[in-house]
Structure formats: C-alpha cells, structure tokens
Amino acid sequence: MANFCLRQDNVHLGLMQNDALKALKELPPNTFDVAVTSPPYFWVRDYGFDAQIGHEDTVDNYVKRLADIFDEVKRVLCDEGVFYLNIGDTYYSGNGQPHGSDPACSSRNFMRTKLRPVDQSGWDIPQKSLIGIPWKVAFELQRRNWTLRSDIIWERDNALSEPSARDRPHRSYEHIFMFSKSRFYSFDRSKLGDQEDVWRFPIERVKLIDHNAPFPTALVERCIETGSPPFGKVLDPFVGSGTTVNVARALKRHCVGIDAHPSYIKQIRQNLMDLGCKPFGWPNMIQSLAAPSPNFKQWIGNLKNMKKPKGKKN
Ligand SMILES: C[S@@+](CC[C@H](N)C(=O)[O-])C[C@H]1O[C@@H](n2cnc3c(N)ncnc32)[C@H](O)[C@@H]1O
C-alpha cells in the first residue's frame, strides 16, 4: 500500500496503490469536481489478485461492493460535482462448464478453465440471459441518493466481434452513466461537441502499459472537460493503465488515481516521470486538494448552469 504524488507545471498527480474503498477513506470530503471510472465488470477479466472487484459470488454482492465504494466517491466529490461511470454487462451461461472465450485476449482466458458463478446452474433467470448489471448498479446508486442524469451510450465502432455469439447481435456499446451529487451541479455542455447521449469513440489498441481494458483518451477528455475547470480536481478510483491521470495532466487538472494492482501504479508513475513529472511528497497532494479550484467561479460550467435557488439544500 503506497501513495505517490508527482508534479508538473503546478499540476499535482496522485497515485494510490490500495483497495479502492480503503484509499478513498484517506481523501478529504467535498473535494473533486469530477470522478470518471470504469470498474472491473462482473466475471469478465482476471486482474490476478485476491481482493479484486468483479469476482464476487453473486451479482448482489458485486453491486453492493461497488455501491459502497461509490458512497465514498460521493463523500469526496464536491456538491457541484458529477460522476461518470462506465460499466458493461455479463451473460448468465448456467451450462455448468467454463465459458470458452477469445484466445486473443489473455486476461479473458481464465474463462476457458474456471467455473465462474455465471457458469453454474440454478439461477432464477433463463440460461443465456444478459443479466442487466449496469442498470442494477445504476438503480442501487439512485437508491443511495445519487441523481442519475444521463445514460450515455458509448458506441465502440471498432469493437471486437464475438465469434462464439452466432445467435444474437455482437455487442458494440457500453453504458456511461452520468450521476450528480445534488440536483444543482456544474456542467460545461459546450464540451459535448456535436454529440449528445451517444458518444462514438473507437477502442484504443495502443497501450501505455500492459493492461487490457483502457479507456479511449478522447472519452476521458470529454468527461473531464464537461465536469471540471482548468486546475480543477479529477478522481478515478480504478485507474488501471492510468488513462485518467494522463489526460488530466495534459488538460492541466489535478488528479488522484487509485488501483490495487502494484505493477499498474508502478508503470503509471514511471510513464509520468518519463514525461517530465517530478516526485513531490504526498502531503502536498492533500494540501492542493484542500485549496479551492482557482478557476471554478468564472468557469462556464459553473456560470451557465442552473443555480441552487436561495434556501434550497440540494
Ligand atoms: C477496467 S480496469 C480500469 C481501466 C482504466 N479505465 C484504464 O483506462 O486503463 C479496472 C481496474 O480496477 C482495478 N481493481 C480491481 N479491484 C480493485 C480494488 N478492489 N481496488 C482498486 N482497484 C481495483 C484493476 O486492477 C483494474 O486495473
């Protein structure tokens, strides 16, 4: 477990190698302008460590574990903040055998040998059903008082085909749910460009580190720019290959990225140093998070939005 801070051009980039729930508890409340993340999906990949999210015995336990983490995201998000959650679905196979998968994708190959809960019989839905996990998570977050503002469809126009799926369309989109902490929040619509709730971004096959599920850079740019001013504060509790931290650096936002996998954090840190970032003590990160975002008041995302009517609490 370790926290690092790096600095470049007055931008502070924090990396926390820890379980997401534990790391978030170390961060101060009401801090970040925008959170953007993609957690591991339910039994889709193997990140190779015991406490990984996505390998729970039931869907309910997966949903609860994520929602508990996102309660902490809500605590550290400022009242005007938004949260973008990218999440994909899983099929219930129920045929009592490990599910064959794409041999070209090493992190999915565990499915060829391991009997996952979704391969076991006895669920209360028919075999071969899409489970509907993204909406189960969204409804649980709504129940926990997040405001669900948009179900953005990320259309992956170069998605891999699914050779084993011969009796249904291949999947080419994922959900990006946009939540706000309160009804009155900050948002720069001009950064949507000419796309509304269908975002078309190809999957990026060029990888910064050895990681199999990176976000496209342009997708993260849109989330960060709609949700924060320059020198604002960005959070990603499952930072993986470091896309969110790298984009935040390029867009001049402070950022904290969390991942439990030591070698991902190590490689992200090395990449940032190769780009000229210098090590800086972790207390400096906490200090810069405590300072108000200098451009927030004049930021269009703040000025152009519905203001909280006087006397309203949320
Ligand atoms: C889908 S990947 C994120 C990819 C990221 N969006 C990117 O652009 O590279 C999910 C990440 O969650 C991490 N992870 C899994 N369980 C975790 C946990 N309990 N706490 C923190 N990170 C965890 C994995 O190591 C993996 O890197």
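In β8 of this predicted model, Met178 is the bridge partner of Ser150. Ser150 belongs to strand β7, residues 147–155, which runs antiparallel to β8 and is joined to it by eight bridges. Strand β8 also pairs with strand β4. Here too the sense is antiparallel, with six bridges between β4 (residues 77–87) and β8 (residues 173–180). Within this pairing, Phe177 of β8 is the bridge partner of Leu85. Strands of a sheet pair through backbone hydrogen bonds, in either a parallel or an antiparallel manner.

These strands are part of an open sheet of ten strands. The order is β9-β7-β8-β4-β3-β10-β11-β2-β1-β12, and the pairing is mixed. The edges are formed by β9 (198–200) and β12 (278–280). Each has a single partner strand, so one side of each is left without a neighbour in the sheet. From one strand to the next, the twist averages 25°.

Helix α4, residues 217–227, packs on this sheet. Its contacts are with β3 (32–37), β4, β7, β9 and β10 (233–236). The direction of α4 makes about 160° with that of β3. Helix α6 packs on the sheet as well, touching β1, β2 and β11. The direction of α6 makes about 160° with that of β2.

Helix α6 spans residues 262–274 and has 13 residues. From its first C-alpha to its last it reaches 18 Å, close to the 18 Å expected at 1.5 Å a residue. Its buried residues are Tyr264, Ile265, Ile268, Arg269 and Leu272. These residues lie on the same side of α6, because they cover an arc of only 130° around the axis. An α-helix has 3.6 residues a turn, so residues three or four places apart point the same way. Gln270 and Asp274 are exposed on the other side of α6.

The cover over the buried residues of α6 includes both strands and a helix. Among the strands are β1 (2–8), β2 (11–17) and β11 (254–259). The helix is α5 (243–250). Just after α6, Gly276 adopts a positive phi of about 100°.

How values were computed:
Residues numbered from 1 in each chain as written. Predicted model: local features only at pLDDT ≥ 70, side-chain atom pairs only at ≥ 80, totals over all residues. Helix = DSSP H or I, 4+ residues; strand = E, 2+ residues; numbered from the N terminus. Expected span 1.5 Å × (residues − 1). Buried ≥ 20, exposed ≤ 12 C-beta atoms within 10 Å, placed from the backbone. Arc of directions from axis to C-beta. Contact = placed C-beta atoms within 7 Å. Pairing = 2+ DSSP bridges. Axes fitted to C-alpha atoms, helices over the stretch in contact; angles between N-to-C directions.
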